[in-house]
Amino acid sequence: MAARKVSYKTQLEEIRRMRIDMAENCLCNGVKTLICVCSGASNVGQISNKAAMVFGEEGTGRFFCLAGIGGNIARMVDTARDEEMRVVIDGCPTGCGKATLERAGVKADVHVVVTDLGVKKQHNFNFTDEEVSQVVAKVKESLQS
Amino acid sequence: MDIEVLGTGCAKCKKLEENVRNAVAELGIEATVTKVEDITKIMEHGVMNTPGVVIDGVVRSEGRIPSQQEIRSWLQGK
């Protein structure tokens with residue numbers, strides 16, 4: 001493959017852009033991130049599920065099957081344990097997702113609870129895109145801080 | 001032994017620093033662990049993707065979080 005010729009000016013602009021990016025956001029974007037969610041039988045559980053789908057679609061994280069960890073499927077537990085970063089989104093403070101990982105000896109690096117963001121738990125499956133976006137933003141903020 | 005952890009301060013950089021410190025403690029070796037958050041100093045190592053680990057001036061990883069086991073093997077010179 002032929003080497004890309006880049007002018008000195010372009011290189012300087014690239015460095016300047018990187019410096020601004022790094023000043024505003026850490027550039028640890030290549031890190032493999034696993035997303036586990038409770039997917040519970042409530043509005044907040046389903047918000048967690050939808051948020052994980054958003055991360056998967058964006059490519060910023062891999063939506064991983066929490067049931068496999070709960071079922072003690074060795075290959076899946078090993079995968080979760082070996083991943084570089086693990087995010088858990090629980091719908092409510094019961095924290096089933098986090099507890100499931102802990103029972104398998106896997107620590108969550110970032111834990112977000114949907115009800116902590118002001119969403120009231122209800123036993124229905126009605127939620128808005130704004131509520132999902134709120135959760136996605138909170139996870140991203142937690143990863144950057 | 002001088003170990004530098006490169007990263008401007010997100011949860012991922014912090015986890016890498018924790019892995020490094022745990023690996024050092026497990027081996028019981030004498031090492032200085034420094035968190036480098038200054039962008040210019042990070043770039044002086046030629047690292048464009050954080051987090052990164054530099055051991056005695058040599059970049060051992062960038063753009064990922066190596067496991068404690070992998071870090072231990074570097075510290076043991078394997």
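**Two helices crossing in chain A, and one helix face in chain B**

In this predicted model, the axes of two helices of chain A, H2 (residues 43-58) and H6 (residues 129-144), come within 9 Å and cross at roughly 60°. The crossing of H2(A) past H6(A) is right-handed. On the H2(A) side, the residues that meet H6(A) are A:Ile47, A:Lys50, A:Ala51, A:Val54, A:Phe55 and A:Glu58. Their partners in H6(A) are A:Glu131, A:Val132, A:Val135, A:Val136, A:Val139 and A:Lys140. Sorted by class, this contact of H2(A) with H6(A) has eight nonpolar and four charged residues, and no polar ones.

Over in chain B, helix H3 (residues 68-75) has B:Ile71, B:Trp74 and B:Leu75 as its buried residues. Looking down the axis of H3(B), these buried residues fall within an arc of 95°, so they line one face of the helix. The spacing fits a simple rule: an α-helix has 3.6 residues a turn, so residues three or four places apart point the same way. And what covers the buried residues of H3(B)? The cover includes strand S1 (2-6), helix H1 (11-27), strand S3 (52-55) and strand S4 (58-62) of chain B. Just past the end of H3(B) comes B:Gly77, with a positive phi of about 75°.

Two of those covering strands, S3(B) and S4(B), also pair with each other, running antiparallel over four bridges. Within this pair, B:Val53 stands opposite B:Ser61 of S4(B). Together S3(B) and S4(B) make a hairpin, with two residues between the strands. In the turn of that hairpin, B:Asp56 takes a positive phi of about 50°.

Notes
Residues numbered from 1 in each chain as written. Chains lettered and ligands numbered in written order. Predicted model: local features only at pLDDT ≥ 70, side-chain atom pairs only at ≥ 80, totals over all residues. Heavy atoms only, no water. Buried < 20%, exposed > 50% of the residue type's maximum accessible area, 1.4 Å probe, protein only. Arc of directions from axis to C-beta. Contact = heavy atoms within 4.5 Å. Pairing = 2+ DSSP bridges. Axes fitted to C-alpha atoms, helices over the stretch in contact; angles between N-to-C directions. Left-handed = near helix turned anticlockwise from the far one by under 90°. Nonpolar A, V, L, I, M, F, W, Y, C, P; charged D, E, K, R; others polar.
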